[in-house]
Amino acid sequence: MQQIRSPYNPIHVPLGLVLWSVWFVALYGGLSVGCALAPPDPAQGQWTWLNALLAMFSLVTVVLLLALARLFQRAARSECEGQSARFVARLAAGVNLIGAIATVFVALPILSLPPCL
């Protein structure tokens, strides 16, 4: 179990994009369910309970991905591991950072568009 938790384990390389994919499916699935069960009034524009909930979910995801990127970046700077282990940590940090950036850009329409049109 300790081996999997190590920031130098290659299993962490796709983690950022896996988390982003889960967020993406949950975001649009939640939007669809919210619009089907309790659609907000279109007169409210983008300031609805549904957009607020989706924006908070997106913010939590961005913070998680940035925290993971920072964790792996620190591990990549460590001098106690070998060159290939630091490469894995550096690659994992980059993938998590890309996941965070992708989350921000996909979530931006939440702040500017009504949810159920």
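Helix α4, which spans residues 83–107, gives the most to the nonpolar patch, contributing four residues. The structure analysed here is a predicted model. The nonpolar patch on the surface covers about 630 Å² and is made by L66, L97, I101, V104, F105, L108 and L111. Among these residues, L97 was examined individually. L97 is found in helix α4, and its relative accessibility is 40%. Because partly exposed residues are those between the limits of 20% and 50%, L97 counts as partly exposed.

Empty space in the model was considered next. Rolling a probe the size of a water molecule over the atoms shows where such space is left. The largest pocket has a volume of about 170 Å³. Two elements, α2 (15–37) and α3 (49–77), give two or more residues to the lining of this pocket. Of the elements, α2 gives the most, with three residues. The complete lining consists of L27, Y28, L31, N51, L54, V106, P109, I110, L113, P114 and P115. By class, 10 residues of this lining are nonpolar and one is polar, while no charged residue is present.

One residue of the pocket lining, L54, was examined further. L54 lies in helix α3 and has a relative accessible area of 7%. Since a residue is buried when this value is under 20%, L54 is classed as buried. The position of L54 was also compared with that of P14. These two residues are 40 residues apart along the chain, and a distance of 24 Å separates their C-alpha atoms.

Enclosed space was treated separately from the open pocket. The count came to one cavity of 30 Å³ or more. The volume of the largest cavity is about 40 Å³. P40, D41, P42, G45, T48, P114, P115, C116 and L117 line the largest cavity. The lining of this cavity divides into six nonpolar residues, two polar residues and one charged residue. P114 and P115 appear in the lining of the largest cavity and also in the lining of the largest pocket.

In summary, the predicted model has a nonpolar surface patch of about 630 Å², to which helix α4 gives the most residues. The largest pocket, of about 170 Å³, has a lining with 10 nonpolar residues, and the largest cavity has a volume of about 40 Å³.

How values were computed. Residues are numbered from 1 along each chain as its sequence is written. This is a predicted model: local features need pLDDT of at least 70, side-chain atom pairs count only at pLDDT 80 or more; totals for chains, interfaces and linings use all residues. Side-chain values use heavy atoms; hydrogens and water are left out. Patches are made of residues with over 30% relative accessible area and no salt bridge: like charges are joined within 9 Å, nonpolar side chains (Val, Leu, Ile, Met, Phe, Trp, Tyr) within 5 Å. Accessible areas come from the Shrake-Rupley method with a 1.4 Å probe; for residues, only the protein chains shown count as cover. A salt bridge is a side-chain nitrogen of Lys or Arg within 4 Å of a carboxyl oxygen of Asp or Glu. Buried means under 20% relative accessible area, exposed over 50%, partly exposed in between (1.4 Å probe, protein chains only). On a 1 Å grid over the protein atoms alone, a cavity is a set of points where a 1.4 Å probe fits but cannot get out, and a pocket is an open set with protein on both sides within 12 Å along at least five of seven lines; lining residues have an atom within 4 Å of a point. Grid points are joined across faces, edges and corners, and a volume is the space filled by probe spheres set on the points. Ala, Val, Leu, Ile, Met, Phe, Trp, Tyr, Cys and Pro count as nonpolar, Asp, Glu, Lys and Arg as charged, and the others, Gly among them, as polar.
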